[in-house]
Protein chains: 2
Amino acid sequence: MNGAESLLRTLVHGGVEVCFMNPGTSEMQFVAAVDRVAGMRCVLGLQEGVVSGAADGYARMTNKPAATLLHLGPGLANALANFHNARRARVPIVNIIGEHATYHRQYDPPLHSDIAGLAATVSGWVTTVEDSAQVPALTHAAIRAANGPPGQIATLIIPADCTWAESALPVTLPVIPPVPVAIDQQAIDIAAKTLMSGEPAALIVQGRALLEEGLMLASRIRGKTGARILCDCFVPRLQRGAGRAALEIIPYFVESALQLLQELKHVILVGAKPPVGFFAYPGLPNRLLPPGCQVQTLSQPGEDAITVLQQLLEATGAGITDSDRQPLQRPPLPSGDLTPLTIAQSIAALMPEHAIIADETITSGLGLLAATTHAPPHDWLFNCGGSLGQGLPVATGAAVACPERKVLSLEADGSGMYTLQALWTQARESLAVTTVIYANRQYRILNIEHQRIGAGPPGSKARDMMSLERPDMDWVKLAQGLGVPAKRVNTAEEFNQTLKSFLGEPGPNLIEAII
Amino acid sequence: MNGAESLLRTLVHGGVEVCFMNPGTSEMQFVAAVDRVAGMRCVLGLQEGVVSGAADGYARMTNKPAATLLHLGPGLANALANFHNARRARVPIVNIIGEHATYHRQYDPPLHSDIAGLAATVSGWVTTVEDSAQVPALTHAAIRAANGPPGQIATLIIPADCTWAESALPVTLPVIPPVPVAIDQQAIDIAAKTLMSGEPAALIVQGRALLEEGLMLASRIRGKTGARILCDCFVPRLQRGAGRAALEIIPYFVESALQLLQELKHVILVGAKPPVGFFAYPGLPNRLLPPGCQVQTLSQPGEDAITVLQQLLEATGAGITDSDRQPLQRPPLPSGDLTPLTIAQSIAALMPEHAIIADETITSGLGLLAATTHAPPHDWLFNCGGSLGQGLPVATGAAVACPERKVLSLEADGSGMYTLQALWTQARESLAVTTVIYANRQYRILNIEHQRIGAGPPGSKARDMMSLERPDMDWVKLAQGLGVPAKRVNTAEEFNQTLKSFLGEPGPNLIEAII
């Protein structure tokens, strides 16, 4: 059995069921092997940012790694921006990168580059195979590393000769997750005492604490202690809507965040870090908690947030406190002008139960979260790393992960352009994704940030660098060109009708909303 | 004057006239400054691969650097694949990357990453500004570093606070290129003797030796000594066609390259390296020169190839030998089926004088070079690094550099998809680019490489990973969606008619050739 086949069989035994890929010559042995090994779904992306973003979306919904297969340094380079986001989301990914044959690298052929150096910027684990016999053991180690906890990108670099040479038999052992570290009971007691003190306090939660069970525990602690529950402005996956407990999201704009947090005297961190501004601005602080606010870190990202919250709940004596569940309450369908607010209302009115929302709306998302608080239960996926172009790929991966659910991919026209190739993969795989493009035809966030730097109104050349006009993009044609049915809408009524109709179809499809 | 303005003024004084960009919040001071400083043309790309590839194309045609302006690590990451190609083309680029404020990095905000680590993989020079007062001196140093020789990517990382704080006055000194190192006359004499020996010998040339003047010198040496003239299969810029001297290009496929080179006893390298295979294959050598072939390196890439060739010409006593100039001879217009060969014939029949050909045709380029040997004089730009997705951006940058010339962007449908956003920039800047998409709806090179690895015919899953069908892409809609007029053609006659008509228009435009 050659190295490629042993690699593939070890992946399948290790629970990796999907490989998002954009292979090249160095990865042909892997591609040749996929028909010899059952159990691996192969999904092609036409640009590597689609591949890495889809693996991120898949992992967020399944909590397990997909594999990615990429071609040498440049293939990895194209994937890095969405790997950056995936790293910030702490998801598991087994990232396989082809490399020149071990004896060919020394000649510095045209495609040679520092793959390990590139991979190190996003990976928690990077290893290069040097002998085909190592392939299965290192593949197994990569899966284990990817799973964490916390989840991380594990990059395995495989020279071409290690894929075509005879290798060792695949590793068939399951990948056993390590036992989470026990939480110090004394720390729990201190935190409980703080929350019960009556002083303004908040829990800032991350990771699994943002799923239904964790939020229920947190909300019972809130019911007993009066502490607020907060999370960072962009988190990997938030379960929300009717039947779930609500929490406060720290706003993106520093001024608003400072205002929201200004009364706090105590903060307890569960898998989170003390909040900081996304960017620094002249004259504004970069730490968002008020001076003098006491911070206690109760658990790290890799630790078991659910157990921590259970222990904290017990320590506060909140055993019989009810959680506060949001009621189901849909708004009426909007009418009139198409704006971010009427789109939000329409989505809240029409979104199906257990929808997955991949949100890269940037400035156009205004009002979306507020409008959907009482919508049917759903999952919200944010852009955790701030690198634009993750929305369409993450939606793609989430749809691969959850074929029985609808994915609503809410995307700004500027950020959507970085990785629009994802639409083709959605069409090829017949994924249940309805994309809404918020077409404001500008980098509106940059117009806002330009105002904030105090340089006065932008001149004509500066305006040009923030405008997406001249020419207007036509997202209907772009989607159709990639095999996805699409429609342009200009009013709230048209939007309502099109969204309802598109959600009733198997998908994918796309609405260009002119706002 | 703040750091951003001092940076911009130093760039303009240093001869940098164009900035390709995709800025973000950290770069807003630079964007705000562009209206206050005359002399910098700003060109927006909707994805950073467009930005880096355009800077490459611009530099190949002008032999001077453009600036690139990118947003933090992820913005740089998206640009890396085409920077990889630019590094292999040895072009000068001044690469400006925004960074978080110096005092903000320590908090590891979401967009924080190892920018210098990423930049090091493609740059010959990387420096991070730590104080706004350093901005002009470091910018000047970056221009000097970019210019080389040889040209290279010089990356300057600028924290946001160094752009908004008061800085030093701009550097107004011109950037003086260093004097090239003199070539050892003894080495020249040895090389001349080798070439005159009567044994099978070749010059392998690179860099400026591939432009008209260098090729004329080389061809006169060939006329006197009988030595062959060769170049690598993918070079940055080759001047060819009527009135120019021809040379032999070493083929991509190893078997063909070995055959072409098998008789050689001596090779003289002028700015080139000994040729190696693009990839390694089981059972094939990776060095392409026959065993026992003597290799003499006469000059390095940074050295003055023209002077070297002049000295070599003198040393061979070839002072009065004529160069061999290709005659002008266009083929007749083809008819019938549309194939790579009929497309090549049509292009040779219709291409205007001094056209610039950006070639990323991969397998569809078969016959193109042969058909155009006697076409009117033109420049051919190859993909030097092998990272796909450089064709449309390089064509864009070449058109910005040479507004008086026509650019023919010959692109495979698979590789075109990596950076199709370049078409939007072509439309916005009204660039004279006619794109031909060779739509074979597959990664044909991978189908060929799959055959070559000896794994038997591909199974259905493997075929799927090399196919661009299901759904077919519609390049007419994609181009129109990005503001570029487009037409699909199915026969040689339609191709002739459309190419003639599109070349007569100011551009840009696009032909989807179904082959």
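In this predicted model, the contact between the two chains draws 80 residues from chain A and 80 residues from chain B. On the side of chain A that touches chain B, helix α4 (residues 72-89) of chain A gives the largest share, with 8 residues. That side of chain A holds 45 nonpolar, 24 polar and 11 charged residues.

Let's turn to a helix pair within chain A. Helix α3 (residues 48-62) of chain A packs against helix α14 (residues 391-401) of chain A, with the axes 6 Å apart and an angle of about 45 degrees. Because of that angle, α3(A) counts as oblique to α14(A). The crossing of α3(A) past α14(A) is right-handed. Residues in the contact include A:Gly49, A:Val50 and A:Gly53 from α3(A), which meet a set in α14(A) including A:Pro393, A:Ala395 and A:Gly397.

The two contacts can be set side by side by residue class:

| Contact | Nonpolar | Polar | Charged |
|---|---|---|---|
| α3(A) with α14(A) | 11 residues | 6 residues | 2 residues |
| Side of chain A that touches chain B | 45 residues | 24 residues | 11 residues |

Chain A also has an open sheet of 6 strands, in the order β2-β1-β3-β4-β6-β5, with parallel pairing. Its edge strands are β2 (41-44) and β5 (125-128) of chain A, each pairing on one side only. From one strand to the next, the twist averages 20 degrees. Within chain A, strand β3 (residues 66-71) and strand β4 (residues 93-99) pair in the parallel sense over 6 bridges. And which residue of β4(A) is the bridge partner of A:Leu70? The partner is A:Ile97.

Notes:
Residues numbered from 1 in each chain as written. Chains lettered and ligands numbered in written order. Predicted model: local features only at pLDDT ≥ 70, side-chain atom pairs only at ≥ 80, totals over all residues. Axes fitted to C-alpha atoms, helices over the stretch in contact; angles between N-to-C directions. Helix = DSSP H or I, 4+ residues; strand = E, 2+ residues; numbered from the N terminus. Parallel < 35°, antiparallel > 145°, perpendicular 65-115°, else oblique. Left-handed = near helix turned anticlockwise from the far one by under 90°. Contact = placed C-beta atoms within 7 Å. Nonpolar A, V, L, I, M, F, W, Y, C, P; charged D, E, K, R; others polar. Pairing = 2+ DSSP bridges.
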